[in-house]
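Colleague: Got a minute to go through this one with me? I'd like to start with the interface.

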Amino acid sequence: MNRRDFIKQTSCAAMGTTTLLSTLANLTSLNGALGSDLVKSSPPSDYKAIVCILLSGGLDSYNMLVPTGTTSGGDNGYNEYKAVRTDLALPNVGSAGGLLSLNNPQCSSFRGISCSYGSFGVHPTMTGARTLFNSGKLAFMGNIGTLVEPIANYTQYQSGLKKLPVGLYSHSDQSMQWQTSVPQTRDALGFGGRLADLLNAANAHQEVSMNISLAGKNIFQRGQGISEYAIRNDVNASNVGFESVPTWWGNSGLLTQTRNNTIDSLVSKTYSNLLQKTYSTTTKNSMASFGVFKDALQKVPTLTTTFANNQLSNDLAAITKIMSVRNFLGAKRQIFFIDFGGWDMHSDLIAGLNSRLSIVSQALKSFYDATVELGISDKVTTFTISDFARTITSNGGGADHAWGGNTMVMGGAVNGGKIYGTYPKMDVLSASNQQNVSFRGNFIPSISTDEFYAELALWYGISPYDLCYVLPNLGNFYSYSANNYPVGFMNFNGTSISTENLPQDCLTY
Amino acid sequence: MKLKLTVFFIILSAINFNIQGQQTVTFGLGNVKNVTVSSSSNSTDGTKTLLSSGYLPNYNSASRFLSHATLGAKMTDIQSVATLGKEQWIDNQLNLSNSFSTETYLKSLHQIMVDSMLRDNPAGGYTLDNTGVQNWHFDASWFQGSMTAPDVLRWRVALALSEIFVISRISGLDGQPYALANYYDVLLNNAFGNYRTILDKITYHPAMGSYLTFLNNHATNTTKQIYPDENYAREIMQLFSIGLYKLNLDGTEIKDANNKSIPTYTNTDIAALAKVFTGLGWGDRPYLGHYQKDKWSYTKRMKFFPLDSLEYYQGWWQPKIYNGHEPGSKTFLGSTIPNRPVVQGEQDIQDALNIIFNHPNVGPFIARRLIQRLVASNPSPAYIQRVATVFNDNGSGVRGDLKAVVRAILLDQEACDCNPDNNNNYAGMLREPFVRYMNLMRGLKLTTQSGVYRNVMYTLYNRIEQIPLYSPTVFNFFQPDYSPDGELKTAKKFAPEFQLLNSQTLTAYVNALNSWLVNDDPVEFWGLFNNETYKPDQDAKFDLLADSTLAINAKIPQLLDKYNLILAHGAVTKENIEIIRKAIVSMPYTYDYYGRPYSEDVYRRIRMAILLIMVSPDYLINR
């Protein structure tokens, strides 16, 4: 039995996660940097968290990160940008309401494709993100996107010989593929879910999922044996679980218990109908987690860091609360998921980005500050994803669906202040632009979600041995060897990754 | 085996009948019990010949049918179906014309506001034009219609359509209740009309134009490097008509030689179709690109402008007139719309809608979506095929007749059979959160003295995250191919509504029931204007008086049977009823000095009993 089959079979059977972990540990399959710690249940010094922010709708990320060079015959990025983006172009650095320049962003090359420009700025409203970038706590991924295998240029794209993601340009598909990193299928589990399959057992309270969602059901956090625990951003100890029947009913406590016990009895029965069974299981699992969660939330400390009052900030503030009681939750590993939508800007794009990117920038800064206050800034890595970037050319006030785009990754363990991947050349109306596949300006990603996630997974404590369980297509992009990190944006503190546990079971084409 | 069988059905007989083979059978599709049969046939296999038509359903069967065909039904509705039969009931419903306009009702609420403000300040000069109106005025209008309109089937189908042809206030439509109301009225008016008419009406509707951003969309301008907006071109194909892959008539995907699904369109088709949807602007504005609008603009069919004279009207220096509508031929889905003068561009739009309408995917695509909204998450291919066949031809050569489609969906044997042999383990659907709420509002006796059911549904949305026209995206609250973790996913079966189910929302649902039932707070009454006096005769409450004799221990089974029938068509199993019964009889039931039961005890038992039925998996999964 190979490893993937093993995981499948153990999680299909009614085997507890703890059993799965100890079995895996016995198979020395989790011998990564943190492997030996994983079976210990107490010391929380080893805490790590990943926060995924989905900017759903398709962020126009070529107006988030913009080339600023104006050297004719040299780095003339801004003028090339302005020429194609027409009414969507932002004013350059130095103009009123202009781009904010980044200090020496060091965009060089990736997998044989070089970065087109040397100087860059961020959207005029993103002061917080610029501060984080310039202080080395935030990096950009340039032209990153969904890929099954590398596609070097337009010729390869057209050849019919390269596997393409299914449903390119479709919101539902591209948003899903960013969450699964398996773009050849609609059936894949999420990246966060597969991480949790391997690491969830490290958490003391198995009834509280390692994956906590501010966005209800989502694909990112879906694993074989893991579901998300969903909360609202106004979560507190008093609103977890079922409300009591009113105190004016006199015997409220007893009646509440009777009601809850009855609900428990109804969902504890065996149902042959799978919809009934699924409903019952979900209810039962949720009810099991209420107690631990409620108790932990009663211990939330007061923090001095303040957050603005909008959805994203409130979501991040809620995550801060939960991380602050991680010891009471018995959590050594957590994965959070947020969906901050409203980016499908087919119209009113300039105004839309002004209002929303400012929220993102400010919320990221507050959240980073909060992790510093909690003393875990280098234990928490936050990143943005989005369905796709938008067409470089305008539809008159807005832009349409495209492909590769730019994202952010933030945290104390990020080698910030750089642009990873590459930034494509903006002259999309020129036939010589080999990264562009449409007259509207849609870029083939120059770095894949797999490469990005692989680096995160290694930092998070996944053994190289397990990388291809987490990222089945990874073998198409990344050839493992010690100290050859997939991208290089995480700081591994000089530790080398194991040379003994080579990746297993990668799909190959 | 086919055979002739004369059958007479009489309702309410309590025993199963012995057919000539002397074996006891439970008769009728759906294992409907309590039916008496007299047969002149000597066959021992009579059950197999029964179609799901031509007989009168018993109460459970009638209630089950109404759970598909309405937003919720009372005992009187159940009795009506049991008396008329499903076919007669449905034909009566299909012949009722639309009785309620959400826009008209909204306007009446709006007028009440204006009148009262003028009463307070006669010199204020208030009019409908200058007085603001909010989203919740639409929601209150919707609720009033849903509680009072006799054409209940239309209301059920319109809600389903609103989850297919999605617009939402989470967009530029926020704060535009007239846009929501006028659009919803299109769905109500055309729920039993032709699908092609709906395509036309939504394509020209300013709410859709605004939501999917093709309003004021103009032709390619190569000088300015501006191209037609592709949003509507994509979503009308992906979500409203044909979907991503070529389908067989039974809804399964056609495979190529390599067993791969075949995409229906490419990005090139999208770009071509985007050129068609150019030149449509506000219906009450003088030129394309005019961005000013008022609340009435959202109620007027979009106007076609062949030319874009924005610069001319806005007093530019050396203004240019551009094409509003894209010139030239447009090829998509393998068909070509001919090159016409741009002034004839509306014919392009009609041609394009015809090309989409006549695509073979539409029948199975719409059939599956409507079945999923009304009946079941996993219809068999045969069921989809039967409905798609009716979509393609209603029997009189008409394609897209929704009246025939709705009839075919609800009367199909698979819809009527609660125990289909082929898919018992994944039969049924999780009731949508909002439909559960409406089941309760319409199933119980919710009364107001005035006949006005004022309910702004504001807290309701915060609790259950679903009310009409409030989807997070054009992909609706949940997607047709969503499959939750676990055995359903392994079995490759779907359960769209589970996309809304998680620890947070299922908690919120139980807490909402607590509020609606236990706290006796079923609706949300807001004042229409500042300082309006509270009008208790518009604030609906449950009237449970008729049940008050059923709260004593000995009658609890009767109480539970009643609500099991009304809310769950008797689907809550004996074992689960017993679990609930035990809980209810453990609740206090005490008497006052005169030997009368305390009414608090009585009503608390009734309310808790209904709550527990509504959290039972037997109710929640409608099968």
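Modeller: Sure, one term to begin with: a salt bridge is a side-chain nitrogen of Lys or Arg within 4 Å of a carboxyl oxygen of Asp or Glu. This is a predicted model, so local features need pLDDT (the predictor's confidence in each residue, from 0 to 100) of at least 70, side-chain atom pairs count only at pLDDT 80 or more, and totals for chains, interfaces and linings use all residues. Side-chain values use heavy atoms, with hydrogens and water left out.

Colleague: How many salt bridges are there between chain A and chain B?

Modeller: Three. In one of them, A:Lys277 meets B:Glu487 through their side chains, at 2.5 Å from N to O.

Colleague: And which helix gives the most to the side of chain A that touches chain B?

Modeller: H9(A), with eleven residues. Helices here are DSSP runs of H or I with at least four residues, strands are E runs of at least two, and both are numbered from the N terminus.

Colleague: How many residues does the contact take from each chain?

Modeller: Chain A puts in 69 and chain B 73, counting contact as heavy atoms within 4.5 Å.

Colleague: Switching to chain B, what's its mean pLDDT?

Modeller: It's 90, and 91% of the residues in chain B reach 70 or more. Over residues 1-31 of chain B, though, the pLDDT is below 50. Residues 35-53 of chain B stay under 50 too.

Colleague: What about its secondary structure?

Modeller: Chain B has 25 helices and twelve strands.

How values were computed: Residues are numbered from 1 along each chain as its sequence is written. Chains are lettered from A and ligands numbered from 1 in the order in which they are written.
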